[in-house]
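Here is a short report for a reader meeting this structure for the first time. Have the sequence and the 3D view open while reading.

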Amino acid sequence: MAPPRREPRTVLEYLIQHSDRTYEELADEFTRHDPHAVISARHLARLARGERDLTGANPATRRALQAMFGRPVDELQRPWTGNHPVPPAQRTPTTPQPLLSGTGTERNLLAMAAERARRYALLAAEATTPAAITSLAEDVQRLALAYPQQPVSHIIGDLTETQDTLFTLLERRQPPAQSRDLHFLAGITSGLLAKVSHDLADPHSAMLQARTAVLCADQAGHPGLQAWLRGLQSLVAYWAGRYAEAVRYANTGSHYAQQTGGTTSVWLPISAARAYAALGNAEQAKAAITEAEQAWTRVQPDEMDEMGGICTFSHPRTLYYAADALAWLPEESATAEEYAAQAVAAYADPHDPAWAFGDQAGSHADLAIARVAGRDLDAAADAIAPVLELPAEQRINGIIHSVRRVHQAITRSGYATEARDLVDGIEHFTHTPANALPR
């Protein structure tokens, strides 16, 4: 006698139980419903148990699920209440539904066919081919380039699915060269997800992802990735208020940065600089800024720099970090204003490849802090005004903290009454951070 089925937790799990197919069979069938979609049996099971939120999934995943089960994705995610959504006689058909619903073009069809071929090459071969790894590297690079310029909600679905694909491939036996490359890409992807967790004000999850990324970097034997991940850990610790820890991570990463010579060799000392400044150590902070600026003369772009986007450190970010460090030090307010003004100018063009909305906002906040220290409240309000207009989905953790520092600068200077409108605007802004939005 077959054991009784477990009570389903979601409508999706109920439908899977009544499809008389295993999770592995359903995962294999997935791309037949949308060539852009690929999923592992493990990921599908997590979705069915309600452990993953479909609203953050890749659009192709949502389309394929809807086609497979004939139900909107929001209904598939609903908790199971005991009411049969479909009678057993109307089980989900296995025939794929029309993909484009009359709105597609020949170009869409060709793109879908190419994506289907790519997914097959990734997951069907016994060993991952060099061509498949190149395709995955392009995916990771696209996400690295998009990360600084798009809200987290726009890329989190692609990012989690890319990580799942990489881990699925790594769970298979791979030749050493392919294993190295897959671990390198998995390390970057996990690092990006650590940044996602940080941006959504979850430093605990951020450090868990970062530690997994470090393990991947160890397996890849990649000092450039190790250095970059130490910079990322320093960033998370800094915004979590753990400044001494941020210094330690930055200093630990310097050993790896010396082996590779990429732009992380600038990121690490300038990261230490702002943590030293937050600790009140002005001399160490200024020395670290000088070290970072001098490091630019020795930079030789490495494999991380070739990825671009968030994987490389830019000159505008150097200006922003220096301003962020000096903004902690009242006696350095004039120099902080100079660096901040240069950073604001450097981030003025959103079409510049180095542009990043988070760093742009931080530069404006540092300029406002410096102007508060100079007792120019009107100029401070002008500096922070563009930040206060950001939509909620862009109010990531670092931006919220930067804006709160402006609030603290105003109140600690005794200007709360004179700058009442500005204080009210800041408080309203910080009440709706990105991590409070529904996902």
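The predicted model holds seven aromatic pairs. One of them joins Tyr14 and Trp80, and this pair is stacked. The ring centres lie 4.3 Å apart, with 10° between the planes. Tyr14 belongs to helix H1, residues 11-17. Trp80 sits in the loop between helix H5 (73-76) and helix H6 (106-123). The pair therefore ties together parts that are 66 residues apart in sequence. Are its two members buried or exposed? Tyr14 is buried, at 3% relative accessible area. Trp80 is buried as well, at 14%.

Another pair is formed by Tyr238 and Trp239. This one is edge-to-face, with 4.9 Å from centre to centre and 70° between the planes. Tyr238 and Trp239 are both buried. Ring pairs also draw them into a cluster with Tyr243 and Trp328.

Rings in this model meet charges too. Trp328, a member of that cluster, has the charged end of Arg405 over its ring. The distance from that charged end to the ring centre is 4.0 Å. Elsewhere, the charged end of Arg180 sits over the ring of Phe184, 5.5 Å from the centre.

The table sets out these ring contacts.

| Partners | Kind | Distance to or between ring centres |
|---|---|---|
| Tyr14 and Trp80 | stacked pair | 4.3 Å |
| Tyr238 and Trp239 | edge-to-face pair | 4.9 Å |
| Arg180 and Phe184 | charge over ring | 5.5 Å |
| Arg405 and Trp328 | charge over ring | 4.0 Å |

Next comes the nonpolar interior. The largest nonpolar core has 114 residues. Which residues have the most contacts inside it? They are Ile188, Trp228, Ile399 and Ile410. Apart from this core lies another, of 18 residues. Its members include Leu15, Ile39, Leu47 and Trp80. Trp80 is thus named twice: in this core and in the stacked pair with Tyr14.

Trp228 deserves a look of its own. Set aside its neighbours within four places in sequence, and what does Trp228 touch? Its contacts are Ile188, Gly191, Leu192, Thr264, Trp267, Met304, Ile310 and Cys311. Ile188, in that list, is also among the residues with the most contacts inside the largest core.

Cys311, another contact of Trp228, is buried, with a relative accessible area of 1%. Cys216 is buried too, at 5%. The structure holds zero disulfides.

Now to the backbone. Most residues other than glycine have a negative phi. Ala201 has a positive phi of about 60°, although it is not a glycine. Where does Ala201 lie? Its place is in the loop between helix H9 (176-199) and helix H10 (203-220). With 36% relative accessibility, Ala201 counts as partly exposed.

Arg375 has a positive phi as well, of about 65°, and is not a glycine either. Its loop runs between helix H18 (357-373) and helix H19 (377-388). Is Arg375 buried or exposed? Arg375 is exposed, because its relative accessible area is 68% and the cut-off for exposed is over 50%.

Last comes the confidence of the prediction. The mean pLDDT of the protein chain is 86. Of its residues, 83% reach 70 or more. Which value falls to the stretch 87-104? Over these residues the pLDDT is below 50. Beyond near neighbours in sequence, the stretch has 24 contacts in the model.

Terms used
Residues numbered from 1 in each chain as written. Predicted model: local features only at pLDDT ≥ 70, side-chain atom pairs only at ≥ 80, totals over all residues. Heavy atoms only, no water. Disulfide = S-S within 2.5 Å. Buried < 20%, exposed > 50% of the residue type's maximum accessible area, 1.4 Å probe, protein only. Core = buried A, V, L, I, M, F, W, Y, C linked by side-chain atoms within 4.5 Å. Contact = heavy atoms within 4.5 Å. pLDDT = per-residue confidence, 0-100. Helix = DSSP H or I, 4+ residues; strand = E, 2+ residues; numbered from the N terminus. Phe/Tyr/Trp six-rings, centres within 6.5 Å; stacked < 30°, edge-to-face > 60°. Lys NZ or Arg CZ within 6 Å of the ring centre and 35° of its normal.
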